[in-house]
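User: Please take a close look at one part of this protein and describe how it sits in the rest of the chain. A plain account will do.

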Amino acid sequence: MTDTNQRARNPWSHELRELLRTKCGVPRSGPVLALTAFSELDNRLAGVGMTRQTVIDELLQQGIFNVSMTEVDRRGHARFRMITKNMQIMLHQEPCRGERSPGELAVLDSARWHKSGPPSEWRFPTLPSEVTLHTPDRKVIYDLTPLGKQVRDRRRYEEAARTLTRVTLTPRRHTELRGKVRKQYGALRALLELSRQRAEENKAAGPAVVIDGEAWFGADDARARELVLRGNVAARLGGSAGSLITIRGADEGDSDAVRLILLEVVDDVMVLAWPTEPSQLAGLRRRFFPGREIRAEEANAFRYQRHLMAVRAFMDEEVVGNWTSLASLLCDVGNLAAPAGLPVISPKANRSLNDQQLRAVAGGMVAPHAYFVQGPPGTGKTQVITDVVSRLVEQGQRVLLTAPTHVAVDEVLSRLASEPGVLPLRLSYKDSLVATEAQRFTKRGYDALLTGSIHTPHRSKAAQWQSQLDHAVGERAALVEWRTVATQLRQAEERHHAAEASQTANNRGRAQEHHQRSVRMQQVRSAVSECATAIDQLRIAEIGVSYRLAAGSHNGSSIAPLLGWLGIGPAARLQHRLRSIRRRLHHATVAYTAAAERYDIELRSYHEAMSQLTQAARRDEDSVIAAAERARELRASRERAEQNLARHGPGVPPADLSTAEARIMDIDRECTRLRPLLAAQYRWFNLLGLTGQDERTDQEQAERVLRRALFSAVNLVCSTTTGFGGDPHFRGLDYDTLIVDEASKVTGAEFLIPARAARRWILIGDEKQLPPYVESADEHHIHALAALHLAERDSQTTISDAVSQLANLWKDDDDAGLHPFRIRNVDDIATRMIQDGSWPHIYRPTYAEQIRHIAHGTAQPEPTLLRSMREHLVTSLFERAVAEVVPELRSRLLYQQRMPAEIALLVKGPVYDDKYLTPDLMNHHPGPLLSAAFPTPVVFVDTSAQPDPWDENLGTSFVNPLEARWVASLCRQWEEDLRTIHPHGRVSISVLSLYAAQAKLIRTELGYPHYQGFSRLEFKLVDSVDRIQGQQSDIVIVSFCRTYGKPKNRSRRPRTDLKAPPEYGAWVQNINRLNVACTRARRSLVLLGHRPTLQALNGVAGAERFYHSMFSLSVNDGFTLRDDWVPGQEGTPR
């Protein structure tokens, strides 16, 4: 809607918007973000698929939903989380370095995408006008703390502005709303102030005795480990779990008194919680031993202190969310803003929801301020809550889950324990009140987890890992050295062997070459010798022939020369021979010269070859010697490496290199495993600020840091409605959505305790079940004060008349037998206050001051006060709201899967006008428990045929001894039947009565608290109906207790045609209690009562329809009427 259109619709709205803007301190333009980015940011963003520009665009286009500081790290740097539509951005502040640059940088650390969808549409973003990223050297100062406040202020402004656009809120309408708050909750505040004064002046006290818890409850019961007291004072202490009780020894003074938390009161036994501090616990156990007499007193008798504080804060408009919306929810719910329509959502993969449940989930997700879910018994309210919480957490919301009882809270928490993304925290003043499976989510549960898992330097494996790493590194170095030396030795030995082999081969070659050259020299030498011999022989032959020729010329004839010239004769032959010899000599000389030259050449070649061979042989010898020396040196090195390996390794050297290589690879894998562990461990120590100097100091520091980080990350806080705010660490937190389960038992004041801390509210309950519980003592005290004031104001009215006159407000609700008791009790209280002077001196001034706030405009302030008490302390906010809220803000669940259809049939028509259905096929339901004695899912055992079935008045309540005995008989019958029909395991059972005194009598008959003789039945609860809402059992037995028509003469037969007065049997005519009693059974329901009395009841149309419908059922409807029950005998059902 534009400003122009809005002004036309509401002319004053623009001015109111401007007033809101001024009050919230919201500037017209968005903030300017000047952030610093280090170089590591790019790698971090790249790891999630982002860039710097992606982050800047997200901030500028989608805006900021929230900025919150998460922790202060060990360096003193404040760390912040910034939420946008699609991202979660992490930042921190660190000092700007430089003398001239005081202040801090706003450093952008990282960003990641949301795992699921964006925050819901009702959370308004703050759009920055500018976003810049600077390098650290620019030293741009920026403070993130004011930014968080600016975002919150703008969100409050936008929420208020949205209310203006969705709700027709005029100044007159707004004034009327504030007037309604003052009128309604001013009266409530007055009531609470008066109750507080009564509690302070009338603290219950009395003697008690410490008893052995194990002997009373059994060793396996958690209550046995607490302080158990027995005494009549238990009933007077009120029985409100969570109250503080002061105890001291009967022989001790007030200075020795200690305060303990009350956990439970049953009859005359109360259980107090021991303190958790071991040293304090040991001392108290020694003081308060079994058998010791003590005195117990209420320390904080006023049980509505948190209610009063919440009402005060609400009236002062001290709320986290929009006060106007919260005020509308409480005082004018019909004008709450509603969504235009509900989106169509699909069920999650891990759960199956029907159409009504999905509609409830959708409404809870998109309602701008409040949404209501009406869930009859077994229709899946817990499933709806689980689904809503899961979806809200996915949107980044912090959810607060509350319920009036621990059982209801833990039931939802058990479903959410394994839900992805949900980190729950269960708040409770005593963990023993929390279900066992949910205790791991308490603060002590997380502390135990942290204590058992925190790795401090002394307790961590860092030293062991470092030793293993050092040993592995040393062994690896020794192995690498051994491997290197062994490899070199192997190579040296190979070279030595190769040198020797080469020498041998070369020697053979050299010997062969030497032989060949020697042979060749010999051949050349022989050739020269032969040439020389031939020359010598030819010379000799030449000399001989020359001599003979000369001799022939001197001794022959004169013709000899002529004959020789002619070539004839001996001379001629000698000359021919001489010439031949000389020719041959010439050839021989030439041959000799050639052979001699060749010899010279070959000789030189031979000597050169021999020299080369000798040098080669020497070189080979040197190589062999060098290789042998290297091998010897490496053998010595290997011995040293083996000695080193013995110091770092297993002591036995590897068999071979492959074994060493495999061991090195194993060590590398071990080092690869250890190094990240050590790095992470040392990083862990640095982040937590652990020094390793003192174990206790490190442990405390680690727990402190981790607890702060864990609790800042919690996105689901679970608590009872009255228990919320008791923990100081979570008292100041704000929550996006509050979910209240079992809201039909929560008053407006109780709702305000957690509601003030939330921005939206989802209430889930059933107005057809039990209303809120109120102490009758408080109610009677206020009644007496009003009567005293009325009697003083009207002189014509006595105190007794005033009491009776005001008691008419309760006449329709009180039991006819108990209404006179109310009048008598209130009259006694008023008379006592006059006699002891407490009215004029203590109560009158306070009463007059409080009544003054509500007396304006009314002539009868007393009835106004008492009506306010009934409206705000007796009627639930849920019941009033669902009757007036627009249909778009509520949804009803229809299909139940808790019990067989035959049990659901009892309340289907009379209570829910047939809007309570059972599917034909129920998932995971084991089916009804049937036996010969209990042949149908519903059995009514009628006592009217017995000679003495009558009830007895017991003070403010009633008992029926016959029904109490028969309940025990029915339980024994079930015990016997289960041995046959259910031989394995135990079956849960609860026994209920509409009257507390009858429940106490039944507990006695059954042997509470041990229930001896019952091995197949597991008793979950034996108490009044008021104590069981939110719980269920396989078998439920209900004792109606009341009887009507008792004859004055017991010899006369009682009449069966009588009609009881309309006001008779208020509790057995209370349709809400009947509804709860019948719908706690999962498999079998046994009803025990006086049928004529129940059929004679009238005055409450719903109760009449209930009994008429029930007694009109037949066996075909799964209903059996038994009027022949005899304890110990089955009888014949019909």
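Analyst: Of the 1134 residues in the protein chain, 49% count as buried. The model is a predicted one. Its secondary structure comes to 34 helices and 27 strands. Taking contacts between residues at least 6 apart in sequence, 77% join residues at least 24 apart. The surface exposed by the protein chain is about 53300 Å², with carbon and sulfur atoms supplying 50% of it.

The part for a close look is the pairing of helix 32 with helix 34. Two packed helices are described by the distance between their axes and the angle between them. Helix 32 covers residues 1071–1078 and helix 34 covers residues 1101–1111. The axes of the two helices come within 9 Å and cross at roughly 35°. From helix 32, the residues in contact are I1071, L1074 and C1078. Helix 34 meets them with G1102, A1103, F1106 and Y1107. By type, the residues of this contact divide into six nonpolar, one polar and no charged. The polar one is G1102, because Gly counts as polar here.

For a view of a single residue elsewhere, take V409, which is found in helix 14 (residues 406–416). V409 counts as buried because its relative accessibility is 1%, and the cut-off for buried is under 20%. Leaving out residues up to four places away in sequence, V409 touches T402, A403 and R426, along with C718, S719 and T720. R426 lies 17 residues from V409 in sequence, and the C-alpha atoms of the two are 8.8 Å apart in space.

Note on methods. Residues are numbered from 1 along each chain as its sequence is written. This is a predicted model: local features need pLDDT of at least 70, side-chain atom pairs count only at pLDDT 80 or more; totals for chains, interfaces and linings use all residues. Side-chain values use heavy atoms; hydrogens and water are left out. Axes are lines fitted to C-alpha atoms, for helices over the stretch in contact, and angles run from 0 to 180 degrees between N-to-C directions. Helices (H or I, at least four residues) and strands (E, at least two) are DSSP runs, numbered from the N terminus. Contact means heavy atoms within 4.5 Å. Buried means under 20% relative accessible area, exposed over 50%, partly exposed in between (1.4 Å probe, protein chains only). Accessible areas come from the Shrake-Rupley method with a 1.4 Å probe; for residues, only the protein chains shown count as cover.
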